[in-house]
Amino acid sequence: MEFTAILAIVIVTLLAFGGTVAVAGAMSLAERRVSAWMQYRIGPSRVGPLGLLQPIADLIKFMFKEEVMPEGAHPLLFRLAPILSAVPAMMTFAVVPFGLGKITIPGLNESRPLVVADIPVGAIYFLAVGSLGVYGIILGGWASNNKFSLLGSIRSGAQMLSYELSLTLSMAAAILMSGSLQMTEIVKHQAEHGWNILYQPVAFIIFLIAMFAETNRHPFDFAECEPELVGGFHTEYSSMKFAMFFVGEYCAMFAMSGMITTLFLGGPLVPFLPIEQTPWWLSVIAFAMKSGVFLFLYLWVRWSLPRFKYDQLMDLGWKKLLPVALLNFAVTGTIVVLANS
Amino acid sequence: MPVLARTLSFTERMYLPIVKGLFFTFRVLFRKHIVRMYPEVGIPRSAATRGQPRLSQNEDGTVRCVACGLCEFVCPAYAITIHGAATERFIEREPREFEIDMLRCILCGFCEEACPKEAIYMSDELEHAGPTRAEHVMNKTQLLRPISKMRERIGFANNIYNRWRKDPLPVDPKINPANAPAVSPIATAVPRNDPTMRPLDAIASTKTTR
Ligand code: SF4
Ligand code: SF4
């Protein structure tokens, strides 16, 4: 491969990676602003205009905080856990197409599609790498030598396992519709036949619920669970290590929002505009707006609902979502087979 | 005892009321906030605010304090240090130096209660911060405030503490006398016109008669 081609790939990758981290930073501010608005408050408004520089101030604060490692903690795993939590979360976004067509990188004479890695097994990659995030949480809780942390991470492990099933099955229903695991193919199929949410409303709702559990967000944030477990798996973490968990959570949220957008809402497709006529910047805006809705939903739900009880979580996951997802999957499969024959 | 839970309806078991809650918080998003931007917009304070103690200053700029030492004596935190000196004025004595260590002061208000000359009062000043210890020890010039600014508090405090006093001090005319605290048995036990009787004797006498 030529040098310029590699450079073009690197540039697109940096674009996606920078975008993800920027979204994570913006989310840390949005989380506090939205929560404030929902509680008749204002939220951080002092740093920079409208408080927009707050994430930078937070970052500086995190960097200068003291790193504390509890006595008896496993030194290697304790340091490894935040990385294991943040890196997979950032990696999952790689297969999500965030724009249509190709952009020409100025000065390089190279054009690249607006997706970091359009691999043929995109959906499986997403699930596989996304599930790695739970290692960070489990190791973080175990290595801290703290019973509350361990409880939090065990809960989170059980929760991820339960909801991964429904998540995968609902995802599989959407994949069955387009007959491909490649993300761009799924988008293309939706451009021809209409968005998947029209055919798969049940799968959409299951994915929506499971995605809250997968990212450990309210109302399923049993890994943290402040009133019961102090801070859960990150009780003992401080400074940049804590920030890594934090950023990882937001990155995972963004990747999940991007994934649900791609699977069910046509990803970067602009409504009523054929693929060929969509300028790439418009499709990026469409993608950002669609996933922005889900990012807002994360915050909205967090500041509206109380936390579930643990038995409710398991009940919802195994007794309600899983049978419905299985049924939905079976029905979809049958119909697709009948339609194709 | 088993806790009996209400049986949930089908919609409730399907977690559908969640949607109702979501719409409520969404409406709150657009409502007016109820925040006071604190350092710029201060806290409303009334005469009842028991902030840091301050010395009152007459209209002609002289100090009201006569350096009697009562407040220094009564202060439970030993926050007050007074060095008295003679003066040409009618009151004959005034503090040469008067220090209150605001790091020790617990804002109890005993000094205000003890002072016979309306000289030390709890102001409405609440904020106090600084990087060194020394700057929290306030001297006489830092403590002095014109008495006109403290009138309201003086009237309010007199209204409270008059129950201990043989000769009531003037209260704030805005205060309804019906709201005044009940007059203490000690104050009533002292015969109003008996110059030989001191309040301490009165305490002893009320105790023995009980
Ligand atoms: S308020 Fe209480 S602690 Fe403070 S100076 Fe007066 S008597 Fe002492
Ligand atoms: S009690 Fe009043 S008059 Fe006596 S020293 Fe204290 S402030 Fe001065």
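A residue counts as buried here when its relative accessible area is under 20%. Keep that cut-off in mind for the views below, which show a predicted model.

**View 1. Chain B, from end to end.** Welcome to chain B, which holds 8 helices and 6 strands. Following the sequence, these elements appear in the pattern α-α-β-α-β-β-α-β-β-α-β-α-α-α. The chain has 210 residues, and 31% of them are buried. If we take the contacts in chain B between residues at least 6 apart in sequence, 63% join residues at least 24 apart.

**View 2. An open sheet of 3 strands in chain B.** Here the strands line up in the order E4-E1-E6, with mixed pairing. At the edges sit strand E4 (120-122) and strand E6 (144-146) of chain B, each of which pairs on one side only. From one strand to the next, the twist averages 50°. As a reminder, strands of a sheet pair through backbone hydrogen bonds, either parallel or antiparallel.

**View 3. Strand E1 beside strand E4 in chain B.** Moving in on this pair, strand E1 (residues 53-57) of chain B runs antiparallel to E4(B), and 3 bridges join the two. To find your place, look for Arg54(B), whose bridge partner in E4(B) is Tyr121(B).

**View 4. The surroundings of ligand 2.** There are 13 residues around ligand 2, and those that come nearest are Cys65(B), Cys68(B), Gly69(B), Cys71(B) and Cys115(B). By residue class, the shell around ligand 2 divides into 12 nonpolar and 1 polar, with no charged residue.

**View 5. Helix H1 crossing helix H10 in chain A.** We now turn to chain A, where the axes of helix H1 (residues 3-38) and helix H10 (residues 239-264) come within 9 Å and cross at roughly 105°. Angles of 65 to 115 degrees count as roughly perpendicular, so H1(A) is roughly perpendicular to H10(A). From H1(A), the residues Thr20(A), Val23(A), Ala24(A), Met27(A), Ser28(A) and Glu31(A) take part in the contact. On the H10(A) side they meet Phe246(A), Val247(A), Tyr250(A), Cys251(A), Met253(A) and Phe254(A). The residues of this contact comprise 9 nonpolar, 2 polar and 1 charged.

**View 6. Thr20(A) and its contacts.** A last close-up picks out Thr20(A), which lies in helix H1 of chain A. Is Thr20(A) buried or exposed? Its relative accessibility is 1%, so Thr20(A) counts as buried. Setting aside the neighbours within four places in sequence, Thr20(A) is in contact with Phe93(A), Cys251(A) and Phe254(A). Cys251(A) and Phe254(A) also appear in View 5, among the residues of H10(A) that meet H1(A).

Definitions and conventions:
Residues numbered from 1 in each chain as written. Chains lettered and ligands numbered in written order. Predicted model: local features only at pLDDT ≥ 70, side-chain atom pairs only at ≥ 80, totals over all residues. Heavy atoms only, no water. Axes fitted to C-alpha atoms, helices over the stretch in contact; angles between N-to-C directions. Helix = DSSP H or I, 4+ residues; strand = E, 2+ residues; numbered from the N terminus. Parallel < 35°, antiparallel > 145°, perpendicular 65-115°, else oblique. Contact = heavy atoms within 4.5 Å. Nonpolar A, V, L, I, M, F, W, Y, C, P; charged D, E, K, R; others polar. Pairing = 2+ DSSP bridges. Buried < 20%, exposed > 50% of the residue type's maximum accessible area, 1.4 Å probe, protein only. Near = heavy atom within 4 Å.
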